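Hi,

Here is the structure I said I'd pass on. Have a look, and my notes are underneath.

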Amino acid sequence: MSESFYLPEALDVHMHTLLGGMRVVLCERSSLHRTSIMLNIQAGSRDEMLSGTAHMLEHLIFRGTQHYPSLRLLSEAFEALGADFNAYTAREVTSYDVSLPPGSLEGVLALLGEAILRPKLTGIGAEREIIREEILSDYDSDGALINVDDLLAETFYGEAGKPIAGKPEDIQKLTKAEILRYYEENYCAERMVLVIAGALGNRARLLDVITSAFAGLPSGSTPRRLQTMHPVYAHALLSLRTASPSLPPARICLRHHDGVAQSELVLGFLSLPASAGEFGILEMLVRVLDDGLASRLSRRLIEELALVYDAEAFLSLTRESSLLQIRLSCRHRRIVRLLDAVYEILGDLARDGVDPGELTRIRRRLIWEHEALLDNTPALAQWLSSMVLQNMPADLRTRCAELIHVSADDIRTMAGLLLTQRPHVVAIVGDLGPKTSQGIVRLLEDKLGQMVEFTKL
């Protein structure tokens, strides 16, 4: 790498482990006028017995506590301190985040501890109706799953990849006893990572406030359930660490869904987890594909071929894998042409790689993107959380240095590996006839040089 790059300033990060095992990450940004808290519970939909439990619990946390016994009263308490309280559930983590003025930090931490330690867990019936509305677009009128991302996840991960918000029939079965069991098993100190970014004041005082706010939190002793992924792909991941990986054939999963104008599709390439040395290369490859309208997907699919309105490439992570996804939608009759163009893009990268000017632009953009986190405490807290949860360096400077050292040859090699040595699934939801379906199979067999499994759901 001949270019020299200005790297972001090193973060002022301090990590602590409290009595009981709760980890605390403090990042001082004293010049900013907003502070952000992110409390991560290392448990999500993979840890539940009945689908939707983790997500339902996340909703119920907002329904009130012993001292603020309703959603309105708890919300008023946060908002009176200038705080915005939100949350989301993922497959392996549930996160509660609060954005607030720095002067309210102590009061907000006390409220957050109250919400997490003393929830009433009431209002299950009302939340069932709210969650049904939330997931309505994920199912057709017959109750079949039509969310293309969830179809891809279920194909790779089996039960571990089931819809995070839950299946409609399981949500109906959820009881307070089941939710309480999940809460008691997973909302414990050993599974919590608390990240605070912004103007923090005296650090020793702040640690005392955190300790007080979460006093009484059980340390935790129940092993995580972590439902296992699909055995075929679990075996494939193990084999990727060998010189001659044993991989299943590429697979097409089609869910017929009529009455819509477009088909939705997502290509998924399964790879090793964030702890593997190749993860930074995957991240740079994603940036080559989708880092603005000048990037490969937009340039080819939008500007040149006018096949789509939007194109998206991204990485998702689990404990044992990373998944590179390319998500698109188009008119049903154009789907074979669209897939052909995507494989052309990947094939070009595998053959020719990235030109120097393109790579320089991507490197500069990633540095600017990471540097912008210094002025955005919610985004910074989320970034720090993801780094800590994946056991990666929680420092912008270090992370940028790792990524800009990924070479054009690294990216070219990785593009080739995606096409030849990574488990591969194409999930499609749309109104496709037999001729189009057969065309997709022939296209993949031609592009990949192998037989392709086709499953119509």
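Let's begin with the strands. Strand 1 (residues 13–17) and strand 2 (residues 23–28) run antiparallel and are joined by five bridges. If you want a spot to zoom in on, His-14 sits opposite Leu-26 of strand 2. The two strands form a hairpin with five residues between them, and there Gly-20 has a positive phi near 105°. Bear in mind that this is a predicted model.

Strand 2 also pairs with strand 6 (residues 192–198), this time in the parallel sense, over six bridges. Here Val-24 has Leu-194 in strand 6 as its bridge partner.

Now for the helices. Helix 12 covers residues 335–352, which makes 18 residues. At 1.5 Å a residue it should span 26 Å, and its end C-alpha atoms are indeed 26 Å apart, so the two agree. Quite a few of its residues are buried, including Ile-335, Leu-339, Asp-340, Tyr-343 and Leu-349. Just past the end of helix 12, Gly-353 takes a positive phi of about 75°.

Last, a helix pair. Helix 13 (residues 356–372) packs against helix 15 (residues 396–404) at an angle of about 165°, and their axes are 10 Å apart. Angles over 145 degrees count as roughly antiparallel, so that is how helix 13 and helix 15 are arranged. Their crossing is right-handed. On the helix 13 side, the contact is made by Arg-363, Leu-366, Ile-367 and His-370. Helix 15 brings Leu-396, Arg-399, Cys-400, Leu-403 and Ile-404 to it.

Cheers

How values were computed: Residues numbered from 1 in each chain as written. Predicted model: local features only at pLDDT ≥ 70, side-chain atom pairs only at ≥ 80, totals over all residues. Heavy atoms only, no water. Helix = DSSP H or I, 4+ residues; strand = E, 2+ residues; numbered from the N terminus. Expected span 1.5 Å × (residues − 1). Buried < 20%, exposed > 50% of the residue type's maximum accessible area, 1.4 Å probe, protein only. Pairing = 2+ DSSP bridges. Axes fitted to C-alpha atoms, helices over the stretch in contact; angles between N-to-C directions. Parallel < 35°, antiparallel > 145°, perpendicular 65-115°, else oblique. Left-handed = near helix turned anticlockwise from the far one by under 90°. Contact = heavy atoms within 4.5 Å.
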